[in-house]
Amino acid sequence: MEKDYRDEFLKNITGSFDFEEPDNGHEQRFLAKLNKAQGTASISQKKTFWWKPLSIAASIVLAFGIFYGINNTEPSVDERVAKISPEVSNVQFHFASLIQEQVKALEAESSPETQKIVADTMDQLKSLEMDYNKLEGELLKGGNSKLILSAMITNFQIRIDLLNDVLNQIETIKNLKNYNDENFTV
């Protein structure tokens, strides 16, 4: 019975809802009349429209910044070197991944006995990396590309040889330590 009453009520008021918005300033006029009727003084609200032009200007600056950032990206050193010699980027990727694997192996082998040699090796690798970056800069300046490319490949080979030698030295240190530990009696 109660449900029928609600359904009947809702059917009767369907279509009679007011969806229109009140005129601009309706709230201020209503509050002014209310305050006048109650005898209280109202604080007038100043209309500030400065935020609209400011938001439009901010949107334009943001859009310009994004557009400039997307269209004015300077290619990286690696991308510019790849344009000069595509073979270098392939060789660089191969050598860099090989060096990265050996560096991880070197760091995994780090122990108190080998800590000094690992730190020295990392310093030498940083120095060789700086030399490589200088060679890239020279290549981009337009130097003798064949000679510079050969020097870049040699730099990678020196780094790989260095890492191999250090890993072999660490293996020797570990073997000597194990040998000394086995021969030591209490």
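**A walk through an all-helical predicted model**

L31 counts as partly exposed, because its relative accessible area is 35% and that class lies between buried, which is under 20% relative accessible area, and exposed, which is over 50% (1.4 Å probe, protein chains only). The structure is a predicted model, in which local features need pLDDT of at least 70 and side-chain atom pairs count only at pLDDT 80 or more, whereas totals for chains, interfaces and linings use all residues. Residues are numbered from 1 along each chain as its sequence is written, and side-chain values use heavy atoms, with hydrogens and water left out.

L31 has its place in helix α2, which covers residues 26-38; helices here are DSSP runs of H or I with at least four residues, strands are runs of E with at least two, and both are numbered from the N terminus. Together with F30 and L34, L31 forms a nonpolar patch on the surface, and the three residues share about 260 Å² of accessible area. Such patches are made of residues with over 30% relative accessible area and no salt bridge, nonpolar side chains (Val, Leu, Ile, Met, Phe, Trp, Tyr) being joined within 5 Å and like charges within 9 Å. The areas come from the Shrake-Rupley method with a 1.4 Å probe, and for residues only the protein chains shown count as cover. The length of α2 agrees with expectation, because its 13 residues at 1.5 Å a residue should span 18 Å and its end C-alpha atoms are 18 Å apart; the expected span is 1.5 Å times one less than the number of residues. Just after α2, G39 takes a positive phi of about 80 degrees.

Taken as a whole, the chain has seven helices and zero strands, so that a reader following the elements from the N terminus meets α-α-α-α-α-α-α. Of its 186 residues, 17% count as buried, and the accessible surface comes to about 15300 Å², with 58% of this belonging to carbon and sulfur atoms. Among contacts between residues at least 6 apart in sequence, 72% join residues at least 24 apart, where a contact means heavy atoms within 4.5 Å.

Which residues touch the most other members of the largest nonpolar core? Among its 20 residues, these are I99, L106, M152, L163, V166 and I170; a nonpolar core is a set of buried Ala, Val, Leu, Ile, Met, Phe, Trp, Tyr and Cys residues joined through side-chain atoms within 4.5 Å. The elements that give two or more residues to this core are α5 (86-108), α6 (115-141) and α7 (145-183), and the largest share, 10 residues, comes from α7.

I99 offers a way into this region: leaving aside its neighbours within four places in sequence, I99 is in contact with F156, R159, I160 and L163. The C-alpha atoms of I99 and D161, which are 62 residues apart along the chain, are separated by 9.7 Å. D161 is found in α7 and is partly exposed at 45% relative accessibility. A second pair can be read alongside: A96, in helix α5, and I160 are 64 residues apart along the chain, yet their C-alpha atoms are separated by 9.5 Å. A96 is partly exposed, with a relative accessible area of 35%.

Charged side chains add a further set of links. Side chains of opposite charge can pair when their charged atoms come close. Taking a salt bridge as a side-chain nitrogen of Lys or Arg within 4 Å of a carboxyl oxygen of Asp or Glu, the count comes to four. One of them joins K174 to E109, the closest N and O atoms being 2.8 Å apart. K174 lies in helix α7 and E109 in the loop between α5 and α6, so this pair ties together parts that are 65 residues apart in sequence. Both partners are partly exposed, K174 at 32% relative accessibility and E109 at 27%.

Two further salt bridges lie within α6. K116 and D120 meet at 3.5 Å, N to O, and are four residues apart in that helix, about one turn; K116 is exposed at 60%, while D120 is partly exposed at 32%. E138 pairs with K141, with the closest N and O atoms 3.9 Å apart, and these residues are three apart in α6, again about one turn of the helix. E138 is partly exposed at 39% relative accessibility, whereas K141 counts as exposed at 67%.
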